[in-house]
Amino acid sequence: MSDIVRIFDTTLRDGEQSPGATLDAGAKLEIAEQLARLGVDVIEAGFPAASPGDLESVSRIAAAVGTADGPTIAGLARAVEGDIDSCWAAVRHAAKPRIHTFLATSDVHLEHKLHMTQEQVMAAVANAVAYARTLCEDVEFSAEDASRTDPKFLTEVFSTAIEAGATTLNIPDTVGYSQPAEFAELVRYVIDNAEGIEDCCVSVHCHDDLGMAVANSMAGVQAGARQIECTINGIGERAGNASLEEIVMALHTREAFYGCQTNIQTTQLTRASHLVSARTGIIVPANKAIVGGNAFSHEAGIHQDGMIKHAETYEIMKPETVGLTQSRLVLGKHSGRHALRLHLTEMGFEHLDDEELGRIFARFKRLADKKKDVTEAELEALVSDVHYQPEDRFTLNGVHVSCGAPSIPTASVSMNLPGKEPQTRAATGTGPVDAIFTAINRLIPFEVTLLEYVVHAVSGGIDTLGEVTVRIRCGNGESERTFRGHGADTDILVASAKAYVAAINKQARFESGMSNKKSESLAGAKE
Ligand code: KIV
Ligand code: ZN
């Protein structure tokens, strides 16, 4: 019988720490719902002490997704009572709440960041964990920068945390420094030496700075860890966290090797990946394992020949196992609203209201008119473009571009602006996208710098939708922020304008504090 490795998803906490990946409360709830469908054991929904908006968002997820048969809902808290109180105020709305408290243990953090001695760290851990246990039965303690901590001290800290009531002990490779064999040795050392650890769950949490996050996590499992902390698409601080889909599929495909399995519904992986990519604006590279566009394509003739003769020659996983139905042609221009609703429900988009469905249907019809058959991937892009458009302040009315060679690329853009009559501005640029963005800049009341621009085709074929993602910078110094925006259209110039305006709306909402005020109150939350 295989052991179960718990999957602790931290997309909404560590993942949200990716540069420019700020998610508002509605998008977080949507992702949490998909994580529940995916079957993760624990959702780390946020860091409630960070802001009232974070507390509210974790509370909403706890109340809506943390049902008795749903996942455990965890919140992060520094090892201080104030943070732990905020965390509890949010996660207590879940049927299975968890307080996840942490403190750094490495010399470099003690000396330069915390200015604490080892004795002070031990005392703080004991107090924090004991306090958290007065509120919640399920308490996880993480020793930040564990992989660069003296193993003996680390073990003493864990023994102290266990004595104070911790039920899960997490060993993070915070800066992605460890190597698999070394990390396994550390996990084994902790398991062999921390007092009382046999009654606790040992967890690993690895960052990808040297590209080892998944390898280190798997090495941790071989050494006895039974919880892995990871994120969808591997997003997270700097180079990111261990990628959930890679870990899950490694355990699924090599179950006999690891002697372990997970509770994950693997067929939900692709959808989770798309949703996180669309909401964060972080594009998944084509060669990314499991969820990249090329992960299941066979290009070389010799491979294609082998695949035709016997799929196992080159295929270790079936695309259907990860929920990949990308190239399936699903609906055509004669399909009606009812067929679209049915298909979207089958795809997991069962929460669309009539108004949203109407808008998706109109977009679908325009697309089907242009390209005959619409694929599931294109439908997903339409839903992502239309569903959950939170109270845009700036809306695009029209884009006209003239370009080619020889000519000066010129764009005129019309927009609705908050509290004003619709306005139009024109601009020239080095190319059509530059001209569009310059015209938009002339319409908005703050300065924006374009940092990143990515365009890709949603599925094969020259007539498919183009998806554009942009990253912009607003403000400077202390108030500097980056935001991502995403847009889809068969015309990539229109998609570009949509993506740019979507990012600008994030900045506008951030400025007016709307993302916090917008969160609905906790009506119906469990007490
Ligand atoms: O990377 C890290 O150390 C963390 C902890 C807070 C678990 O994210
Ligand atoms: Zn981390």
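1. Helices (H or I, at least four residues) and strands (E, at least two) are DSSP runs, numbered from the N terminus. The model is predicted, so local features need pLDDT of at least 70 and side-chain atom pairs count only at pLDDT 80 or more, whereas totals for chains, interfaces and linings use all residues. Residues are numbered from 1 along each chain as its sequence is written, chains are lettered from A and ligands numbered from 1 in the order in which they are written, and side-chain values use heavy atoms, with hydrogens and water left out.

2. Pro406 is placed in the loop between strand 13 (395-402) and strand 14 (410-416), and the peptide bond leading to Pro406 from Ala405 is cis, with omega near -5°. Most peptide bonds are trans.

3. The zinc ion (ligand 2) has as its protein donors Asp14 (OD), His205 (NE2) and His207 (NE2), which lie 2.0 to 2.2 Å from it; donors are N, O and S atoms within 2.8 Å of the metal (3.2 Å for Na, K and Ca), and water is not among the atoms, so sites may look incomplete. Because Asp14 lies in the loop between strand 2 (6-9) and helix 1 (25-38), and His207 in the loop between strand 8 (201-206) and helix 8 (213-222), the pair ties together parts that are 193 residues apart in sequence.

4. Arg238, in the loop between strand 9 (227-230) and helix 9 (244-253), has a positive phi, near 50°, and at 44% relative accessibility counts as partly exposed (buried means under 20% relative accessible area, exposed over 50%, partly exposed in between, with a 1.4 Å probe and protein chains only).
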